[in-house]
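Welcome! Have a look at the structure below, then work through the exercises with their solutions.

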Amino acid sequence: MLIPLDYYRILGLPIQATAEQLQQAHRDRTLQLPRREYSEVAIVARKQLIDEACAVLSDSDGRKAYDVSFLAKTYDRESEAAMAAKQRSKTSTGPATVLQDAGETVAAESKALDAAPDPHTPSIEIDDNQFVGALLVLQELGEYELVQKLGRPYLNNGSIAIDEGRFGDPQLVRPDIVLTVALACLELGREQWQQGQYQNAAKSLDAGQELLLRESLFPSVRGEMQTDIYKLRPYNILELLSLPEEKVSERRQGLQILREMLEERGGIDGSGDDRSGLGIEDFLRFVQQLRKHLTSSEQQTLFEAEAGRPSAVATYLSVYTLLAQGFAARQPSMIRRAKLMLMQLGRRQDVHLEKAVCSLLLGQTEEASRSLELSSEKEPLAFIREHSQDSPDLLPGLCLYAEHWLQEEVFPHFRDLANQSVSLKDYFADPKVQAYLEALPSDAETANEWVVVQPRSGKPQGKLQPAGDRPPAPPQPPAAKQAASSLTLTPVPTDRSSAASAPKYQATAAGIGAAAAVSLPTATAGRPAASTSKPRRNPSSSRRSGAIGQGLTGSFADRARTLAAQIGAQVKSLPPNKLALLVVAAVLSLLILWLILSLFLSALQALSGPSLQGEQARVSLDAPPIEIPALAPAPEPGAPAPAPVSGAMTEEGAKQIVQDWLSAKAAALGPNHAVEELQKVLTEPALSRWQLMADAQQKNNAHQRYVHKLEVKGVKTNPTNPDRAEVEAQVSEKAETFDREQLVTSRNENLRIRYDLIRQEGQWRIMDWQVMK
C-alpha cells in the first residue's frame, strides 16, 4: 500500500544530507523510542521503515534513482500548489478550512482513504504489516490531520481489515492505531491552543477523549487530555462569549461552561479546585476580562445567582450591573436594589462612595452628602471637593464624579452599554424617573450591622476591588477638566410651589451650554435637597440630634416660622393709636387674670385648714414611706436563667443577653418591624443606630429574615468597674434581604464578635460590638 511519506522525512534530513549525516540520523531515530504504551509490533514496524530509508539513501545508485523520482514529484507539487493558491485568491471569500471536523462521518473518511494518492506527492510503498509503524512515523512528524484521515476508518465497529489480521495481531494492532490517532488529537489540540483557536482545540481534545472512552484504553493519555481540557476552559469561554450575539447557542455554551467552573470553585472568590490552574486573583482577572463580552442582562443573571452563595465579589458586581441597567433603562428601582446590596457590603468594606452615587440617582441628596462624609476614598473625595468649591455642599462635584464614573468605569464593562453616553440631565428629566423618585419615601440615616475592627491607621481593610473596577480619582483630558472645574449648580425657577417640590438645579459653565442642565429632584416634599442661602449644619451635631431633632428642623419648624412672621406683619400694619390701645388692653387683661388667680389660691388654702409650723415629715398617702420591692415571678420550668442584676456577669447570663439581642434584631428588621424590641436589650450608642436602620427599612418596605446560632467563647468583667463586661461569642448568621417581598440578597456567615455590656438600673444592656474575624 502507498503511504504519503518519503525516506528523507522518515530520517528527518534534507535532500543535500551527506553519508555521515545519514548514519547519524539513523542512530538518533533508532534510539528515540516512542511512548511506552505502544506494542512491540508498532515499534518493530517503525524501525523497519527507518532501516529501509537509511539503506536506500546510503546506496549511491539507489539514492540517485530515488532522487530523480522524488524531485520530479516535489517540483510538480510546488508549481500546482502555487497555481491553486493564485486561483483561491481570486475566488475565495474567506479563509480556507484546513482542518476537517474531528466528528466527520465515517463515509467521508472512508471516501478520503480510498481515493488514489496525489500523484505529485512523494510516497512510498510499504507492506501491510508496516501500516502501524507508518502511522507512528507520521504522528512523530506532526502530520496530525493525516494520521486521523488514515487511521480513523480502521477504527469503526466491525473493521474487517484489522479483524482479519491484515496489519498483524488484531489485539495488538487495534490499540496501537487507537493510541496513534488519540495522540494526534492531543497534539493537534495543543497546537491549535497555541495558535489561539480555542474552540477548535477543545473539539480536537474532546474527539480524542471520546475515542479513548469508547475503546476503554489508555487512561493515562485520557487523563492528559482531560487536564488540557480543564486548563483550556477559560480560553474557550472567552472565545465563545466574544462571538456575535446572533450566535445564541455558542454563547449559551460558553455561559454553561463558566457556570460549571464556578460551581467547582465554589463561587467567584471560592477556594475550590476547577483544575484550570487559576488562583483566586487570576480567576478574578479572568472574570473581569470576560465581563466586556457579556450583556447587562447576562451579567445580572450570572452575578445575582453567585451573590447568593454568598459571595462578596459577586454582590459587588451585581451592584455594578443593577446600577448600569437602572441608569440606562431609566429604572430607579434597580438602583434602589443596588443600594440595599451595598448596605450588606458596608459591614465589611468602605462602600460609602458607591452609596453616595446610588443616593444621588435616587434623589436622596442629604443621604448622599452623609455617605460622602463617611467615605475614606481620598482621591475621589479630593476630586469632588475640587469641583464643589463654590457650593455650600459637595453635590456639584458628586454629580460630575457620578457621571464620569458611570461613563468610564461602569458602562465599558457591558457589551450592550459600552457605546452609550451618560447624562444625568437626561436621567432626571425622564418622566418615569421623576414619578418613581416622587413616590419614594425619604430614607433615614442607615448604619452598618457590624462595627468592623479597623487598624490604627484608620484605613479600611479588605477593600473590594475586583480587577481594578473600583473608581480612582477621575482622570480627565485638560479641556474636559477645565470645563468641569467651572461647573456650578444654581437654582432655577420651577412650575410647582417650593412647599410641594424640591428646587431644581441647573449646571452652568463656560463651554458646556444649556445641554448640561441637571435636574436633581428629592424624594422629600417640602425639604430642599441643598440650601444655597444658609451654610450646612455641623454633620456631627445633626447625627447626635437623632430622628426627633431632624423632624423639628424640617417642615414643622418652617411652618412655625412662617406663622410667627405673619403675626408680626399684622401687628406692624396697625395704626399707632390702635396699637397703643391694644397694648393697654393687653396689660389690663394680664393684671385682672393675675388678681383672679391669687384670690382663687387663697380660698383653696383657707378651705384646707390651718397650716403646720416647722419642718414636717414627707409622707404621702399614695406611696409608702419605704419602697417595697416587687416579688419577682417564678421562672418557668426549663427557661434559661436571666442575666444577673447583681454580681459579676456569668457565661450563662451572657449567652442569654446576646441571644435576646439576636432575637430583637430579627424582630426589628423582620417583616413585622417590631422596633420596640431593641429598647429591651440595647443602649446607646447602638440603640439609636439600630432604631434608625429599622425605621429606614420599614419606610422602604424592606425587611430581613435571620437564622442564628450562638456559642459564647468567654466572659470578662471590667476589674475597675463591675457594671461593665465584655463577651466574646461565635455567631453563625444566615440572612435574607427582601425588597417588597422580593429576595434581593442572601448570605451565610460565621463571625467572632466581642460585645460591650453595661449594667443600667440593675439590667445588663449591650452598648456596642466589634467583629474580631
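A charge sits over a ring if NZ of Lys or CZ of Arg is within 6 Å of the ring centre and within 35 degrees of the ring normal. Before you start, note that this is a predicted model, where local features need pLDDT of at least 70 and side-chain atom pairs count only at pLDDT 80 or more, while totals for chains, interfaces and linings use all residues. Residues are numbered from 1 along each chain as its sequence is written, and side-chain values use heavy atoms, leaving out hydrogens and water.

**Exercise 1. Find the ring under the charged end of R330, and the ring cluster it belongs to.**

Step 1: The charged end of R330 sits over the ring of F327, 5.3 Å from the ring centre.
Step 2: Rings of Phe, Tyr and Trp (its six-membered ring) pair if their centres lie within 6.5 Å; planes under 30 degrees apart count as stacked, over 60 as edge-to-face and the rest as tilted.
Step 3: Ring pairs join F327 with F411, Y427 and F428 in a cluster.
Step 4: For another charge over a ring, go to R265, whose charged end sits over F283 at 4.1 Å from the ring centre.

**Exercise 2. Describe helix α27.**

Step 1: Helices (H or I, at least four residues) and strands (E, at least two) are DSSP runs, numbered from the N terminus.
Step 2: α27 covers residues 686-699, 14 residues in total.
Step 3: The expected span is 1.5 Å times one less than the number of residues. From first C-alpha to last, α27 reaches 20 Å, close to the 20 Å expected.
Step 4: Buried means under 20% relative accessible area, exposed over 50%, partly exposed in between (1.4 Å probe, protein chains only). Among the buried residues of α27 are L687, W690 and M693.
Step 5: After α27 comes N701, with a positive phi near 55°.

**Exercise 3. Which parts does the pair of W690 and W769 tie together?**

Step 1: W690 and W769 form a tilted aromatic pair, 6.0 Å centre to centre with 50° between the planes.
Step 2: W690 lies in helix α27 and W769 in strand β8 (residues 763-771), so the pair ties together parts 79 residues apart in sequence.
Step 3: Both W690 and W769 are buried.
Step 4: Contact means heavy atoms within 4.5 Å. Leaving aside residues up to four places away in sequence, W661 touches both of these tryptophans, and also L678, V681, L682, Y755 and I766.
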